[in-house]
Amino acid sequence: PPVGSGRALSLRELLPMTAAQHIQDGFADALGVTIVTTDMNGGPVTEISNACGYHLALMRNEDALDKCAVVWRQLAASPSIEPRFYPNEMGLLCARGLIRVGSALEGMVIVGGIAPEPWPPQREKLSDIADLFGLEPHYVEGKTDAVFRLEANAQQRALRAAQRVADIFAHLA
């Protein structure tokens, strides 16, 4: 915190946001994944970079971001230090790198939009996803091809990049 301020700065205040967004956008495009940076409560700090079409389709609901934030909070609470993939509320894979500023965890870089194998989910699971997002099942089914498909080695690069971007942001902060 600044001397005499009495309060800690938020991640949004600590990061040069324009530079952080450009860095995040570049990594998302190069890796072929979606990336967002959040605080440790799952609140977005950056805009979402390179969202897959399936994600964009589900985000039509005004409450959709809140549903994502629930999963992002769960990622923050994960005891794992190293990034690893978890299924999200959309049925896709996501992972997080932790942003440390000093000895405090201040945020996460979340990599996602990646289809697990097998994909797409069974019709019943897609129906559950549609219900969660307040959408028609046939609409969600029609968007399942608009995801990122990464081979195993590209998935490993994405995991490493989640922490690498988080480390870059920690240095910037």
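This report covers one helix, one sheet and two cysteines of a predicted model.

## Helix 2

Helix 2 runs over residues 17–31. Those 15 residues, at 1.5 Å a residue, should span 21 Å. The C-alpha atoms at its ends are 21 Å apart, so expectation and model agree.

Which residues of helix 2 are buried? They are Ala20, Gln21, Gln24, Ala28 and Leu31. Looking down the axis of helix 2, these buried residues fall within an arc of 110°. They therefore line one face of the helix. That buried set packs against strand 1 (34–39) and helix 7 (152–172).

The other side of helix 2 has exposed residues: Thr18, His22, Asp29 and Ala30. Just after the helix comes Gly32. Gly32 takes a positive phi of about 70°.

## The sheet

The sheet is open and has 4 strands. Their order is 1-4-3-2, and the pairing is antiparallel. Which strands stand at the edges? Strand 1 and strand 2 (86–87) do. Each has a single partner strand, so one side of each is left without a neighbour in the sheet.

Strand 3 covers residues 93–101, and strand 4 covers residues 104–114. The two pair in the antiparallel sense over 8 bridges. Take Arg100 as an example: its bridge partner in strand 4 is Leu105.

## A helix on the sheet

Helix 4 (residues 64–77) packs on the sheet. Which strands does helix 4 touch? It touches strand 1, strand 2, strand 3 and strand 4. The direction of helix 4 makes about 125° with that of strand 4.

Strand 1 thus appears in two settings. The buried residues of helix 2 pack against strand 1, and helix 4 touches strand 1 as well.

## Cysteines

How many disulfides does the model have? The count is 0. A disulfide would need two cysteine sulfur atoms within 2.5 Å. Cys52 is in no disulfide. For Cys52, the nearest cysteine sulfur is that of Cys68, 10 Å away. Cys94 also has its closest cysteine sulfur in Cys68. That distance is 9.1 Å, too far for a bond.

Are Cys52 and Cys94 buried or exposed? Cys52 is buried, with a relative accessible area of 3%. Cys94 counts as buried too, at 3% relative accessibility.

Note on methods:
Residues are numbered from 1 along each chain as its sequence is written. This is a predicted model: local features need pLDDT of at least 70, side-chain atom pairs count only at pLDDT 80 or more; totals for chains, interfaces and linings use all residues. Side-chain values use heavy atoms; hydrogens and water are left out. The expected span of a helix is 1.5 Å times one less than its number of residues. Buried means under 20% relative accessible area, exposed over 50%, partly exposed in between (1.4 Å probe, protein chains only). The arc is that of the directions from the helix axis to the C-beta atoms. Contact means heavy atoms within 4.5 Å. Two strands pair if DSSP finds at least two bridges between them. Axes are lines fitted to C-alpha atoms, for helices over the stretch in contact, and angles run from 0 to 180 degrees between N-to-C directions.
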